Amino acid sequence: MLVCVALLTFLAGSGQAADVRLPDFGSSADVMLTPDIERRYGEQMLREMRAANLIFDDPQIGDYIDGLGFRLVAQSERPDRDYTFFVLRDNSLNAFAMPGGYIGVHAGLIATTETESELAGVIAHEVAHISQRHLARAFESASKSQLPIALAMLGAIVAAQAAGNSSGDLAQAAVVSGTALMQQQMINFTRGNEYEADRIGIQTLGRAGFDVNGMPDFFARMHRANRANGSEIPEFLRTHPVDTTRIAEAKSRAAQMSKESAAPASTGRGEIDLPLTVPRLPAATPALASQVADPSSGGLPAFLVFRERVRVLASPTPSLLVQDYRRHLENATGEGDGDASALANARRYGLGLALTRAGKPEDALPVLIALARDNPDSIPAQLALAEAESRAGRHAAAVERVNQLDRKRPGERAITQALATVLLAQSRKEDGLQASRRLKPVLEKLDADASLIETYARASQLAGDEVRAGEMYAELTLLNGRPDDAMGQLRGLLDRADVDHYQRARIEARIAQITPWALFVQEERRQRRLE
């Protein structure tokens, strides 16, 4: 069950009890909601969403959204604050900020954006909500209505759980709906808050080197989509109401900034049929080839690769996407200009990925071989080809391909994990040993990453290191918001006869680190029962 149901019911008790006064940002709510408390709640929300399988723990997706997010944070009003960016495995159109600097973007919104500047505009808006402490300002009013909201969400989830065979899907839908509801109530921003986030977000967008028209352009398309779809309102508009006045003011600010910085004006874009459930492919649009690209993308702009990867991995029916990609590629006329060529390459990448995920890696191979040949410096294309090779049983070719990438860019998270994955596919002890050796230094350098930890756990298990594997599975349990269970797993390892002195010391130290978090969660649950 999504913990944000309980968070607001607990916030009033624990937040008010914390006798810590923050600098005055213009709201008495800052006294109640300290940065430390915010961070703990945001972290637990993220863990609960991960437990519901809502979070993309994919290194390529994570690297892109982090790079984009922190490029904006560096130019924001409060670059010194903690921020965490993540993508939700949900095809609705939404994005939101949570306590503690957590910013989530739904897969459906990403699939709908036409340029990197549009996506950056949405994220810049959410960064502004955090930098201006809008969450803390909204807390005071949100706390007054917390109990009815919590009861309504509890009722929705209980009903979903009692719905029979489809309860899993319904429960996940209740979690997603609950997230939006709680965000709308907890972040029930006034019109002034929204305008302030627009104004500061556009400034951040421009300072970070993006097209400042990205934000108003996206808002305008959302507004048109709302009018075209009648009662089927995109979730983004439920939590971020957009009207013509707000769009006009955003465009006016963007135009003024463009004039002051002599930035090129935004290119006009036509309307598209927005995906409200399963993302469909947008028509070709101008300015795609000019997107800021990571050098590792080669001839494939990083934004386009990211968008297609999110679209495929979020789809419950990749076989339908295969048909969609093929239709668009067949209807393309010639190579066209650079924009059309970049879009075609991205769709070839999406087609190959969708075929692999649909269980047809042999069909994906010719598509991805041609793509990798045409874009030899594109790491995403090479990794997609290696995945297809591995799933088609061509393990040696896959391992050699990723090894070549690793030699060029040693220690890079996505490459290291891809190498470990293709090694583990052979299910040999020596491959498990090699995979664990490659993963360990990467894990030591990075914050907790669920996908890396899970791969390392499997590698350790295959290598015969049951103690290390047990530690990693405990870390996964912790990332899923269950610190009590994680400590239980670690204590179970201490009972093993084969645990040496160094392993014992490491496990005991980790239990000591987890204990405060476990006590925090226990107290939250106790407060929930008292309500």
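**Entry: aspartate 406 and arginine 438**

I looked up arginine 438 and found a relative accessibility of 28%, so I noted this residue as partly exposed. I am working with a predicted model, and I keep that in mind for each entry that follows. The side chain of arginine 438 meets that of aspartate 406 in a salt bridge, with 2.8 Å from N to O. This pair links distant parts of the chain, since aspartate 406 belongs to helix H19 (residues 395–408) and arginine 438 to helix H21 (residues 429–445), with their positions 32 residues apart in the numbering. For aspartate 406 I read a relative accessibility of 12%, and I therefore wrote this residue down as buried, the limit for that word being under 20%.

**Entry: arginine 47 and glutamate 43**

Next I turned to a salt bridge within one helix, where arginine 47 pairs with glutamate 43, both of them lying in helix H3 (residues 35–51). The closest N and O atoms of this pair are 2.6 Å apart. I counted along the helix and found the two residues 4 residues apart, which is about one turn. Are these two residues buried or partly exposed? Arginine 47 has a relative accessibility of 9%, so I entered it as buried, whereas glutamate 43, at 23%, counts as partly exposed.

**Entry: glutamate 308 and arginine 307**

I then checked glutamate 308, which forms a salt bridge with arginine 307, and here the closest N and O atoms are 3.2 Å apart. Both residues, glutamate 308 and arginine 307, are buried.

**Entry: a network, and the total**

I also looked for salt bridges that join into a network, and I noted one that links Glu114, Glu118 and Arg221. As a reminder to myself, I wrote that side chains of opposite charge can pair when their charged atoms come close. How many salt bridges does a search of the whole structure find? The search gives 27.

**Entry: helices H18 and H20**

Last, I looked at how helix H18 (residues 379–391) packs with helix H20 (residues 413–424), and I found an angle of about 10 degrees, with the axes 10 Å apart. Because of that angle, I recorded H18 as roughly parallel to H20, a description that applies to angles under 35 degrees. On the H18 side the contact is made by Ile379, Leu383, Ala386 and Ser390, and on the H20 side by Ala414, Ile415, Ala418 and Val422. When I sorted the residues of this contact by kind, I had 7 nonpolar, 1 polar and no charged.

Notes. Residues are numbered from 1 along each chain as its sequence is written. This is a predicted model: local features need pLDDT of at least 70, side-chain atom pairs count only at pLDDT 80 or more; totals for chains, interfaces and linings use all residues. Side-chain values use heavy atoms; hydrogens and water are left out. Axes are lines fitted to C-alpha atoms, for helices over the stretch in contact, and angles run from 0 to 180 degrees between N-to-C directions. Angles under 35 degrees count as roughly parallel, over 145 as roughly antiparallel, 65 to 115 as roughly perpendicular and the rest as oblique. Contact means heavy atoms within 4.5 Å. Ala, Val, Leu, Ile, Met, Phe, Trp, Tyr, Cys and Pro count as nonpolar, Asp, Glu, Lys and Arg as charged, and the others, Gly among them, as polar. A salt bridge is a side-chain nitrogen of Lys or Arg within 4 Å of a carboxyl oxygen of Asp or Glu. Buried means under 20% relative accessible area, exposed over 50%, partly exposed in between (1.4 Å probe, protein chains only).
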